[in-house]
Structure formats: C-alpha cells, structure tokens
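I open this notebook to keep track of what I look up, starting from a single residue and working outward to the whole chain.

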Amino acid sequence: MFDVLEKLGAKSPAEARVQLGYMADKPLICLGYSASTGQRQQDLIAYFAEQPDLLHKYQFVVPVQYGSPEVRLAVERDCQISNLKVGAEIFHPLSEFHDPETSALMRLATTVLINHSVSDAFSGTVQETVYAGNMVLAGRHLPYGNMPGFGTAIKPYDTLKECVSALHPDFLSHWKTTAQAALPKNRQDLRKTSSWDGVINDWLTIIDVNT
C-alpha cells in the first residue's frame with residue numbers, strides 16, 4: 001500500500017475527496033475502520049451528531065467494509081438517523097470494498113482517522129493514514145507509543161471531548177503542519193517496520209536459523 005500511496009504523487013486531499021464522491025471543501029473525518037462492536041463506531045456517530053459546531057465544518061465517513069454484518073447494518077441505520085436529525089448528509093457509511101488504488105485515495109482524502117477501538121495492534125489503516133501525510137486520533141490505551149508518527153501525526157486522547165478540541169481548525173492547522181514536517185521520517189520509519197523491503201532481511205535470518 002505504501003507504494004500505491006506514493007503513486008498518487010501531487011494529488012491533493014481535496015481532489016481525492018471529489019474522486020471518491022465526498023465534498024472537496026470539507027475535511028473528512030474517518031470513524032474507525034471496520035464493522036466490529038469493539039470499534040465503537042456507533043458511540044462516535046452518536047457523540048459527533050451532538051456537536052453542532054463540528055457538523056458545519058466536517059464530513060464523516062464510517063468504514064464498515066468488513067466485519068460483522070449486524071454492525072454494518074446498525075452503523076448504516078445510525079448514519080441515516082443522524083443525517084435526518086441534522087438535516088444534511090454529514091455521516092457516510094462506507095460498505096463498498098476498495099481495490100488498493102481506491103483504498104489509497106481514501107487514506108489521502110482522510111483528514112483525521114479517529115480510532116476509538118477498545119484494543120488494537122499496529123493497525124495497517126493507522127499506518128497508511130500516517131504514510132499518506134494525514135493524522136490519527138487514537139485512544140490513549142492503544143499501544144501506539146512506538147509506532148512511527150506517534151507524537152507528530154498520531155495524537156492520543158483520553159476522552160471524546162479531547163477529540164473535539166483536537167478538531168478545532170486552529171489546532172488542526174498546527175497539527176497538520178507538524179505531521180507534514182515529520183512525513184519524510186515517518187515514511188522512512190514505516191518502511192523499516194512494515195514494508196516487505198524493510199523486514200525481508202530479518203525474515204531471511206529467521207528462516208536460515210531454523211533450517
């Protein structure tokens with residue numbers, strides 16, 4: 001996926017949003033990345049639907065492309081109910097499977113990924129969002145302290161109220177600048193830890209030791 005992201009070249013996040021069918025001029029906030037109760041996406045939808053200031057500034061996508069069909073249906077229902085409540089198409093459930101190129105466009109289009117999951121490892125979605133030059137809000141309980149981008153592109157939070165503060169345009173602008181400045185190093189470090197080229201020598205060593 002890293003190579004696919006780099007092939008996007010100079011395409012802007014706004015252009016990626018248009019290509020994917022979202023509004024170009026509104027930052028896109030991604031709520032989780034799979035249809036699982038542990039992702040707590042319904043909690044996020046309910047919370048952000050009650051934040052009128054944010055609803056004027058942002059659009060939200062809720063990926064449910066894989067996981068529980070029951071959760072997917074519940075998320076789709078909650079998005080529909082929330083949109084009716086606010087009187088606009090603000091929450092977008094995403095159930096369509098993406099090929100690598102479309103998935104890369106989504107990473108570029110995503111301004112902030114909010115990971116409210118009860119547990120996680122080194123999520124590929126989080127890594128790809130950072131590699132695309134975008135940002136991640138992650139629950140402080142998630143083990144991202146050693147992930148490339150932590151402290152620059154990845155910010156921890158304790159409460160959803162802190163997420164609202166982090167999405168304030170002034171903070172978001174400063175955070176984006178910080179993430180962009182760290183992008184070359186973050187990409188280099190992600191390549192070392194998560195790309196096949198970065199780990200193949202260790203794998204060859206392990207294979208050699210065990211043969």
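**Entry 1: a residue and its contacts.** I began with Thr125 and, leaving aside its neighbours within four places in sequence, I found it in contact with Tyr33, Arg107 and Leu113. I keep in mind throughout that this is a predicted model. Thr125 lies in helix α7, and I then asked whether Thr125 counts as buried or exposed. The relative accessibility of Thr125 is 12%, and because buried means under 20%, Thr125 counts as buried.

**Entry 2: the largest pocket.** I next looked up the largest pocket, which holds about 220 Å³ of space. Its lining is made up of 14 residues, and those closest to its centre are Tyr33, Gln65, Ser103, Arg107 and Thr125, so that I met again Thr125 together with two of its contacts, Tyr33 and Arg107. Which elements give two or more residues to this lining? I noted α6 (100-109) and α7 (124-131) as the elements that do so, with α6 giving the most, at three residues. Sorted by class, the lining of the largest pocket has seven nonpolar, six polar and one charged residues.

**Entry 3: helix α6.** Since α6 had come up in the lining, I checked how far this helix is covered, and found that seven of its 10 residues are buried, which makes α6 mostly covered. The buried residues in α6 are Ser103, Ala104, Leu105, Met106, Arg107, Leu108 and Ala109. Ser103 and Arg107, both in that buried set, are also among the residues closest to the centre of the largest pocket. I set beside this the general point that an α-helix has 3.6 residues a turn, so residues three or four places apart point the same way.

**Entry 4: the second largest pocket.** I turned to the second largest pocket, whose volume is about 160 Å³. Its lining includes Leu108, which I had already listed as buried in α6, and I also wrote down Leu5, Leu8, Gly9, Lys11 and Pro13 as being among the lining residues. Which helix gives the most to this lining? I found that helix α9 (residues 169-194) does, with four residues. By class, the lining of the second largest pocket has six nonpolar, three polar and three charged residues.

**Entry 5: two further residues.** I looked at Arg40, in the loop between β1 (28-31) and α3 (41-48), where phi is near 55°, a positive value in a residue other than glycine. Arg40 is partly exposed, with a relative accessible area of 26%. I then looked at Ala74, which lies in helix α5 (residues 69-86) and is buried, with a relative accessible area of 12%. From Ala74 to Ser119 I noted a separation of 45 residues in sequence and 21 Å in space, C-alpha to C-alpha.

**Entry 6: the whole chain.** I closed with the overall values, beginning with a secondary structure of 10 helices and six strands. For 211 residues a compact globule would have a radius of gyration near 17 Å, and the protein has 17 Å, which agrees. The C-alpha atoms fill a box of roughly 60 × 35 × 35 Å along the principal axes. Of the 211 residues, 46% count as buried, while the protein exposes about 10,600 Å², with carbon and sulfur atoms supplying 55% of it. Among contacts between residues at least 6 apart in sequence, 68% join residues at least 24 apart.

Conventions:
Residues numbered from 1 in each chain as written. Predicted model: local features only at pLDDT ≥ 70, side-chain atom pairs only at ≥ 80, totals over all residues. Heavy atoms only, no water. 1 Å grid on protein atoms, 1.4 Å probe; cavity = no way out; pocket = protein on both sides within 12 Å on 5 of 7 lines; lining within 4 Å. Points joined across faces, edges and corners; volume = space filled by probe spheres on them. Nonpolar A, V, L, I, M, F, W, Y, C, P; charged D, E, K, R; others polar. Rg over C-alpha atoms; globule rule 2.2 N^0.38 Å. Buried < 20%, exposed > 50% of the residue type's maximum accessible area, 1.4 Å probe, protein only. Contact = heavy atoms within 4.5 Å. Areas by Shrake-Rupley, 256 points an atom, 1.4 Å probe, with all protein chains shown as cover.
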